[in-house]
Number of protein chains: 4
Amino acid sequence: MSDPTVMQLLGRRLRLAVVGGGPGSFIGAMHRQAARLDDHYQLVAAALSSRPDAALQAGQSIGLPPERCYADGAALITAEAQRADGAEVLAIMTPNDSHASLALLALQHGMDVICDKPLSNTLAEAQAVHEAVQRHGRILCLTHNYSGFPLVRQAKAMVMQGDLGDIRLVQVEYVQGGRAVAGPSRRPWKDDPVRSGPSLVLGDIGTHAHQLLRFITGLEVSAVAADVGTIVPSRPTHDFAGALLQLSNGARGCLWVTQAAAGMENGLRIRISGALGTLEWALEQPTVLHFKPLGAPAQIRTPNGPGTLPLAARSSRIVAGHPEGFHEAFANLYTDVGLTIAAVRSGRTTDTLWQYFPNSWDGLQGLRFIEAVLASSRDMGRWTHLPT
Amino acid sequence: MSDPTVMQLLGRRLRLAVVGGGPGSFIGAMHRQAARLDDHYQLVAAALSSRPDAALQAGQSIGLPPERCYADGAALITAEAQRADGAEVLAIMTPNDSHASLALLALQHGMDVICDKPLSNTLAEAQAVHEAVQRHGRILCLTHNYSGFPLVRQAKAMVMQGDLGDIRLVQVEYVQGGRAVAGPSRRPWKDDPVRSGPSLVLGDIGTHAHQLLRFITGLEVSAVAADVGTIVPSRPTHDFAGALLQLSNGARGCLWVTQAAAGMENGLRIRISGALGTLEWALEQPTVLHFKPLGAPAQIRTPNGPGTLPLAARSSRIVAGHPEGFHEAFANLYTDVGLTIAAVRSGRTTDTLWQYFPNSWDGLQGLRFIEAVLASSRDMGRWTHLPT
Amino acid sequence: MSDPTVMQLLGRRLRLAVVGGGPGSFIGAMHRQAARLDDHYQLVAAALSSRPDAALQAGQSIGLPPERCYADGAALITAEAQRADGAEVLAIMTPNDSHASLALLALQHGMDVICDKPLSNTLAEAQAVHEAVQRHGRILCLTHNYSGFPLVRQAKAMVMQGDLGDIRLVQVEYVQGGRAVAGPSRRPWKDDPVRSGPSLVLGDIGTHAHQLLRFITGLEVSAVAADVGTIVPSRPTHDFAGALLQLSNGARGCLWVTQAAAGMENGLRIRISGALGTLEWALEQPTVLHFKPLGAPAQIRTPNGPGTLPLAARSSRIVAGHPEGFHEAFANLYTDVGLTIAAVRSGRTTDTLWQYFPNSWDGLQGLRFIEAVLASSRDMGRWTHLPT
Amino acid sequence: MSDPTVMQLLGRRLRLAVVGGGPGSFIGAMHRQAARLDDHYQLVAAALSSRPDAALQAGQSIGLPPERCYADGAALITAEAQRADGAEVLAIMTPNDSHASLALLALQHGMDVICDKPLSNTLAEAQAVHEAVQRHGRILCLTHNYSGFPLVRQAKAMVMQGDLGDIRLVQVEYVQGGRAVAGPSRRPWKDDPVRSGPSLVLGDIGTHAHQLLRFITGLEVSAVAADVGTIVPSRPTHDFAGALLQLSNGARGCLWVTQAAAGMENGLRIRISGALGTLEWALEQPTVLHFKPLGAPAQIRTPNGPGTLPLAARSSRIVAGHPEGFHEAFANLYTDVGLTIAAVRSGRTTDTLWQYFPNSWDGLQGLRFIEAVLASSRDMGRWTHLPT
């Protein structure tokens, strides 16, 4: 990567605060590792627990001074906003129902925001956050982290330069096994629809699949014929969803997501066919991108291998053949949004290639997708259109 | 395979006639190769062309005497039926619209039948053939040849013995690239809906996907929410179809088939999840069956490898590690139906393990599936139920 | 395949006799299936057992008349040679120590020969057979069947047309698990070095690896630094061998073969690197050929897929995406040698593309390789040169 | 990972200095990213260039104060050793010929050391470093980073608990394409044998392959029959090496390494067979470990998947199915040595599971292996024994 660093742009690292992701959370550690990997951030404050003593202990264990260990996200925002050396970026990794309110408060206090998906549990909240981002002129990055993988970006870049021709057919699936067994979730809030949202499977992974499709193709989903429900007996939340898709250019597609496929780990997979060829990518082997051009031998594209396009090239840290994975992809989002924030805050121009992180518009589209899938499913599978 | 041979059961090979599959056809050669592989059949007559001179030349080129080279399937059936040494089994590989009438005529003349799929272009014809099979007490094998692959049979046997527990989720896809480019088919009758049926993609490969799902799971599709159409501009026939599925036990599924995915070859793939684990099989690597049991390491099952069940064991000709493919799977159907025919004709009992070839009931269910998919698609994707 | 058939060349099928491969043998069934698949042969005689009653029963069970069921290979050859309708091609699948004498006798009686590898147990015998083939002007095909796989032939053709540039580095391995457990072989003659030869592992699979390397690269092995021995305690025969290689153009290589790798099935794999790229093929997935050109994206070549060269194209029976396997590759040898024999016997010219079956020269080179490996191993691994 | 953090052990992070890895180096960035990932280190000083102005600029660009930006490794060591807040750990990523002298100086000044491989260019230097480590009672971690991959550790743990039984056969290969084209290296010191050592390919990747084999099996290489040389015309350094191996328990093996395989990326692969089964791992797909037990279905083990043993479990940061790669494996070494250093420096006991990072003994064994390979190659491939 020949990009500048935040250090070069600002003369210092960005001051980051985190809310959520306390002891036992893997996504909390993931955020902080992603923030550290490329050294663009300095962690200055955290709210790692709603219990003050736990918040203090957890914060100190990661090197924070006691006075910047908060037990409440809102308190963190207001307190940090008043400090001269206060956090300027807030990363949110709390249960889904608090994403929107925390993001709104942070935006109001002049912070840029990095937020776990889904953006919110309701369409109205997503709309409000998206409007606040525009109104306050701030940056919001939604951690649809799969768009940070070098070969997902390569796929997008290949579609953009026309390697597939007109997109015709898309399949995306996200098949996990984490909820194959009946019983309570490891994280209780997930079993409470008030906190986890109207459709757990759609919020958790359906939005990832939807975003991956949108990111690579550059198309929107315009209508769905869908089925969503619960396949594991006596579960209070949805654990599978399927949808036939119409895309904004007339292409057709299929989406299938579940967390109830026993024995599966984390099977995210996409196939995109256009008039000139097909691309296939799967999370299980993220360093392989299959490109099957019409009438020519199939190709395997690798990170930084021959044919790598600029958007993908800047997303790998090493030469071809050295596999990077989940953390690096997550860090790519942190790096891109960090560079963007630093450029904006220092009055510089941002590079176009830094702008491919998911944002509040993507979050809003995700909520619209969830609503349409739920509506179609209630309507016996009938095609339901999304707002254009 | 420790099964007897037809030679042992009858003291001779079964006398086989073929209709269709003349010069330039690969499926014709395939049928005859499959019939030869295990040596249960003697080819005695053929109608390889509707032009008498071409039929004569083609028949002689494969070693038939002139008087048994016919230019018409019906003529073959009636003539052979009158010979003491006449064909007793008819293999049909003509365009789709003649399958049913040839099968009916052969059954009426006491022949057993091996027929290419789909069984017919209309539900009424499929019903008629299925009834004739019962009425005449004859055997009909429908060449849904993927059910002949050793590991597809292993998957079925594992489901039958409960390795997956209750089936919950099924995905099946058949993604080909043969029709990715606009323009006429290599075989003109395919472009004529009168001959190729109401939905080319469903007749060609949709029924394969549907049958593969039914074969392995032992479940029926009870309802579909579907979308079928044409994605390549100006094509007169369907080239893609998607369907959400409800299965007879309440399981949910997804089916996606297309012949218009540029660069793809012959991508048939199925995943079946039950309460206890998941199975995955793909035609691209037919000697690998992934079994992912709940809470234990994932396994790779291979033909004749450790854990092979009887139905699969008898479907491999060699020790583990020697890959068998399409021809061998096709030959497995020929062998199973040949053994069954020979046993019935010699008054012996048939072995249960010989009975897993697709038959006229499967053909009838295939037509019902096609009708339901088309009906749902016309009805804006709404759930459409199949007759039970 | 647009080649003529033996039927077209001769007006009839070739009359084939087999020696060996009786009840319980999978290689016997394999030969006969391979001979039937493309319909160029008629099986007319067999010696399937050295016990007359068993030979009679086995012969009749595959449809032979009693008088052509022999209990002795030599008797078969002399008797068939006197019949006007006698066998003209002899297929030999007996224990290794009888290959040479049977081949010599058959050649003397004017038969063409298809012989299992190794050609013999001793270099002198191999030399004698090779000279007899020249002297009698007959055809001998040695069933190094892996050279019949479409993508192995594609690899050879790509090397021939220069896709790799000068060959520099070769690795070949054949790692089986069939002898991982101590104790007697399923076939007792294998444990007897007099019958199975001076080095079981080299005769069984070392020659396959050696031939595969020679076939694809067109190079000879000119020197070896080798280690051969026994790793499973108390075994009377060799079960592993490794060799560093110098090839005739100065390229370097490595060969590793074993039958004692617990849990392995049949792992034959080769990698060839030249100045312009690398090819990789593995028997476990025989329908994938990896081509990694220098400075361009890696490619996956498939049978009959884009870029298929003529030698490979005629080795597939169906369109791309329909996996063919072990039987079909074996049948490709039978077809090629059958066409060659028929052309020679009918005074026609043979097609160059039919000539890529392994022959007595390959068998002779195989024995030279075995001798050199054994010599180097005895000499503490020192480089040992093969005759040029 | 339930391990403590350095912060918990010491009340602060370890103070780290780096020598080498300046602008344009990917390994320098890699070290620093690895040091940051798990937050056990604070970078306090660096010598990133031998030109003072470049060293200053590079150091400041990563956030160091000017007075701790050195232009010389020795100067860094002596200056930092005098500071109360001086570096206590030195990471060395300079050209190979300076590894030993820097390590010795650091050890003399009481620093612990993290050093790129090979430990030195000569056996005498390696011996001296290993002795100094013992004498000074300090820690040295050699960055054979592949031993940090979770599934490499899982393989080791499975071997240790006897899943393979007695080890019998080992194959290891490291096949790269980075030097397939003639001409100077990207880094000129690599072309100078004085700086890069007596055999570039052995120092660069041969030691990795050797260490990977030793790490997983727990065995030593006791003798080699080897060939090492140059295959790309007019190259001044070695670019391929092959060796047959005798291991300390009598097992046999094969090692093949090259940097001249055109089109290859970074193909490190190992297969280990014992009496009870076989393990296979490849860097290209590092999240898959094939386990093929004798007489039972083959298994695929994944990071944190079912059956994960403690040594592997603590080497993954997230739940199964989220691929970690090269950086995470590198960071695992940094974490393990960091925990060990912190425990020793704080007078606590170290955990056994922290001790699996490669150390000076491994470095010494690597040099002995290089010497033996070179000796055998000079001696016409004859078996050459390593000191025991």
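These are legends for a set of close-up views of a predicted model.

**View 1. Chain A from end to end, with the confidence scores.**
Let's start with a single chain. Chain A carries 12 helices and 15 strands. Its C-alpha trace spans about 60 × 50 × 40 Å along the principal axes. A compact globule of 388 residues would have a radius of gyration near 21 Å, and chain A, at 21 Å, agrees with that. How confident is the predictor here? The average pLDDT of chain A is 96, and 100% of the residues score at least 70. For the model, the scores are ipTM 0.96 and pTM 0.97. As a general reading tip, predicted coordinates should not be read in detail where pLDDT is low.

**View 2. The two domains of chain A and the place where they touch.**
Chain A splits into domain 1 (6-145 + 336-360) and domain 2 (149-320 + 364-385). Both domains are thus written as two stretches of the chain. Taken over C-alpha atoms, the centres of domain 1 and domain 2 of chain A are 26 Å apart. The contact takes 17 residues from domain 1 of chain A and 19 residues from domain 2 of chain A. Which helix gives the largest share of the domain 1 side? That is helix α6 (residues 123-136) of chain A, with 4 residues. Sorted by class, the side of domain 1 of chain A that touches domain 2 has 8 nonpolar, 7 polar and 2 charged residues.

**View 3. A parallel sheet in chain D.**
Six strands of chain D make an open sheet, and the pairing is parallel. In what order do the strands lie? Going across, they run β3-β2-β1-β4-β5-β6. The edges are held by β3 (69-70) and β6 (140-142) of chain D, each with a single partner strand, so one side of each has no neighbour in the sheet. Further in, strand β4 (residues 89-93) and strand β5 (residues 112-115) of chain D pair in the parallel sense over 4 bridges. If you want a spot to zoom in on, D:Ile92 stands opposite D:Cys115 in β5(D).

**View 4. A cis peptide bond ahead of Pro118, shown in chains A and D.**
In chain A, the peptide bond from A:Lys117 to A:Pro118 is cis, with omega near -5°. A:Pro118 sits in the loop between β5 (112-115) and α6 of chain A. Chain D has a cis bond too, from D:Lys117 to D:Pro118, with omega near -5°. Look for D:Pro118 in the loop between β5 and α6 (123-136) of chain D.

**View 5. Where chain B meets chain A.**
The contact takes 34 residues from chain B and 34 residues from chain A. On the chain B side, at least two residues each come from β7 (167-176), β8 (221-229), β9 (240-247), β10 (252-258), β11 (266-274), β12 (277-282) and β13 (289-293). The chain B residues that touch chain A divide into 19 nonpolar, 9 polar and 6 charged. Why can we say that these copies meet through the same surface? Because 100% of the interface residues of chain B are also interface residues in chain A. A turn of 180° with a shift of 0.0 Å along the axis lays chain B on chain A, with an RMSD of 0.0 Å. In chain B, the C-alpha nearest that axis belongs to B:Arg382, at 2.4 Å.

**View 6. A loop residue of chain B with positive phi.**
B:Met380 is not a glycine, yet its phi is positive, at about 60°. B:Met380 lies in the loop between α12 (360-378) and β15 (384-385) of chain B.

**View 7. Where chain C meets chain B.**
Here 32 residues of chain C are in contact with 32 residues of chain B. On the chain C side, α1 (6-10), α2 (26-37) and α11 (326-345) each supply at least two residues. Which of the elements gives the most to that side? It's α2(C), with 6 residues. By class, the side of chain C that touches chain B has 13 nonpolar, 13 polar and 6 charged residues. The copies meet through the same surface, since 100% of the interface residues of chain C are also interface residues in chain B. Chain C superposes on chain B by a rotation of 180° with 0.0 Å of shift along its axis (RMSD 0.0 Å). The two copies are therefore related as by a two-fold rotation axis.

Methods. Residues are numbered from 1 along each chain as its sequence is written. Chains are lettered from A and ligands numbered from 1 in the order in which they are written. This is a predicted model: local features need pLDDT of at least 70, side-chain atom pairs count only at pLDDT 80 or more; totals for chains, interfaces and linings use all residues. Two residues are in contact if their C-beta atoms, placed from the backbone, lie within 7 Å. Ala, Val, Leu, Ile, Met, Phe, Trp, Tyr, Cys and Pro count as nonpolar, Asp, Glu, Lys and Arg as charged, and the others, Gly among them, as polar. pLDDT is the predictor's confidence in each residue, from 0 to 100. Copies are superposed by least squares on the C-alpha atoms of residues with pLDDT of at least 70 in both. Two strands pair if DSSP finds at least two bridges between them. Domain bounds come from an automatic or database domain assignment. The radius of gyration is taken over C-alpha atoms; the globule rule is 2.2 Å times the number of residues to the power 0.38.
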